[in-house]
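Have your sequence viewer and a pencil ready. Work through each exercise yourself before you read its solution.

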There are 2 protein chains.
Amino acid sequence: MLPDLDPLLHSQLRLQIITILVGVQSADFNHIMESTGATRGNISVQLKKLSDAGYITITKSFGKSYPVTNCEISNKGRLAFEKYVEALSKYINLNK
Amino acid sequence: MLPDLDPLLHSQLRLQIITILVGVQSADFNHIMESTGATRGNISVQLKKLSDAGYITITKSFGKSYPVTNCEISNKGRLAFEKYVEALSKYINLNK
DNA sequence: TAAACTAGTTTATATTATAAACTTAATTAC
DNA sequence: GTAATTAAGTTTATAATATAAACTAGTTTA
């Protein structure tokens, strides 16, 4: 039987966010917005979910004048992502 | 920007179903039930969605005594699946 | 100082996934 | 032979999700 897919990662936008964060040290809210094309509201919600799950850490600070929300993937998040990819490859590889 | 993931395939159960169907020439309702572990109701709904989208073809007949629902992936479904896998591979590295 | 902009959050809505309840027919038990 | 059980599905109800709209709070510009 095929393994379950972590529902937290099996969502297009959250997967996009994690994919971005896996590749860099950190990314701010605006960068995530630009590279996903999603709305602020949607991103805000999904970041919170990822943060609540401990998959990312969020650091809020103040730039020159406006607030800046910085995101970084956590160890837990990295592991969950690896596990997700492995599970997914069981689906994909069956039909090579 | 990362490509969209076909929402019809980006669902655990439907992806399981398609993964099964890609590997065989056809599979009946019970086989799908056993190999996914999902409930009849859920499978019924998802098969209908895949069928409505033209991703699979469903043939209903009568076995020895009980009705038999047979499913087969269509060309359209196969193409959609390939496209989905390709899109997904942009998110993750499947060659790990 | 009023209008417009930046960076977010909260709330409402529309869609989805899923299981529970229902239907229809066949088989078995009494 | 009919009552209970099982088989194979479908339909409906509910819970969870994704998403956008509306809102908040502060900043810059005209």
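Below are four exercises on this predicted model, each with a worked solution.

**Exercise 1. Chain A in outline**

Task: Find how many helices and strands chain A has, and in what order its elements run.

Solution:
- Step 1: Start by counting; chain A holds four helices and three strands.
- Step 2: Now walk along the chain from the N terminus, where the order reads α-β-α-α-β-β-α.
- Step 3: To finish the outline, look at the extent of the C-alpha trace of chain A, which spans about 55 × 25 × 20 Å along its principal axes.

**Exercise 2. The surface near DNA strand D**

Task: Describe which residues surround DNA strand D, and which part of the strand the protein approaches, sugar and phosphate or bases.

Solution:
- Step 1: Take the nearest residues. There are 22 residues around DNA strand D, and A:Arg14, A:Ser65, B:Ser44, B:Lys60 and B:Thr69 come nearest.
- Step 2: Sort the strand's atoms. Among those of DNA strand D within 4 Å of the protein, sugar or phosphate accounts for 68%, and bases for the rest.
- Step 3: Look at individual phosphate contacts. B:Lys60 has a polar side-chain atom 2.3 Å from a phosphate oxygen of DNA strand D, and B:Thr69 has one at 2.6 Å from a phosphate oxygen of this strand. With B:Pro67, a polar backbone atom is involved, 3.2 Å from a phosphate oxygen.
- Step 4: Assign the surface to elements. Two or more residues each come from helix 1 (12-23) and helix 3 (40-52) of chain A, and from helix 2 (29-36), helix 3 (40-52) and strand 3 (67-73) of chain B. Helix 3 of chain A gives the largest share, five residues.
- Step 5: Classify the residues of this surface: eight are nonpolar, ten polar and four charged.

**Exercise 3. The surface near DNA strand C**

Task: Repeat the analysis for DNA strand C, and find which element gives the largest share of the surface near it.

Solution:
- Step 1: Around DNA strand C there are 22 residues, the closest being A:Ser44, A:Lys60, A:Thr69, B:Arg14 and B:Ser65.
- Step 2: Of the atoms of DNA strand C within 4 Å of the protein, 71% are sugar or phosphate atoms, and the rest belong to bases.
- Step 3: Check the phosphate oxygens. An N or O atom in the side chain of B:Arg14 is 2.5 Å from one, and the side chain of A:Asn30 has an N or O atom 3.0 Å from one. For B:Lys49, a polar side-chain atom lies 3.2 Å from a phosphate oxygen.
- Step 4: The elements giving two or more residues are helix 2 (29-36), helix 3 and strand 3 (67-73) of chain A, plus helix 1 (12-23) and helix 3 of chain B. The largest share, five residues, is that of helix 3 of chain B.
- Step 5: By class, this surface has eight nonpolar, ten polar and four charged residues.

**Exercise 4. Two helices that cross**

Task: Decide how helix 1 and helix 2 of chain B are oriented to each other.

Solution:
- Step 1: Recall that two packed helices are described by the angle and the distance between their axes.
- Step 2: Read off both values. The axes of helix 1 and helix 2 of chain B come within 10 Å and cross at roughly 120°.
- Step 3: Helix 1 and helix 2 of chain B are therefore oblique to each other, and their crossing is right-handed.
- Step 4: List the contact residues. Helix 1 of chain B contributes B:Leu13, B:Gln16, B:Ile17 and B:Ile20, while helix 2 of chain B contributes B:His31, B:Ile32, B:Ser35 and B:Thr36.
- Step 5: Classify them: the contact has four nonpolar, four polar and no charged residues.

Key. Residues numbered from 1 in each chain as written. Chains lettered and ligands numbered in written order. Predicted model: local features only at pLDDT ≥ 70, side-chain atom pairs only at ≥ 80, totals over all residues. Heavy atoms only, no water. Near = heavy atom within 4 Å. Polar contact = N/O pair within 3.5 Å; in protein donor to acceptor, adjacent residues only side chain to side chain. Nonpolar A, V, L, I, M, F, W, Y, C, P; charged D, E, K, R; others polar. Axes fitted to C-alpha atoms, helices over the stretch in contact; angles between N-to-C directions. Parallel < 35°, antiparallel > 145°, perpendicular 65-115°, else oblique. Left-handed = near helix turned anticlockwise from the far one by under 90°. Contact = heavy atoms within 4.5 Å.
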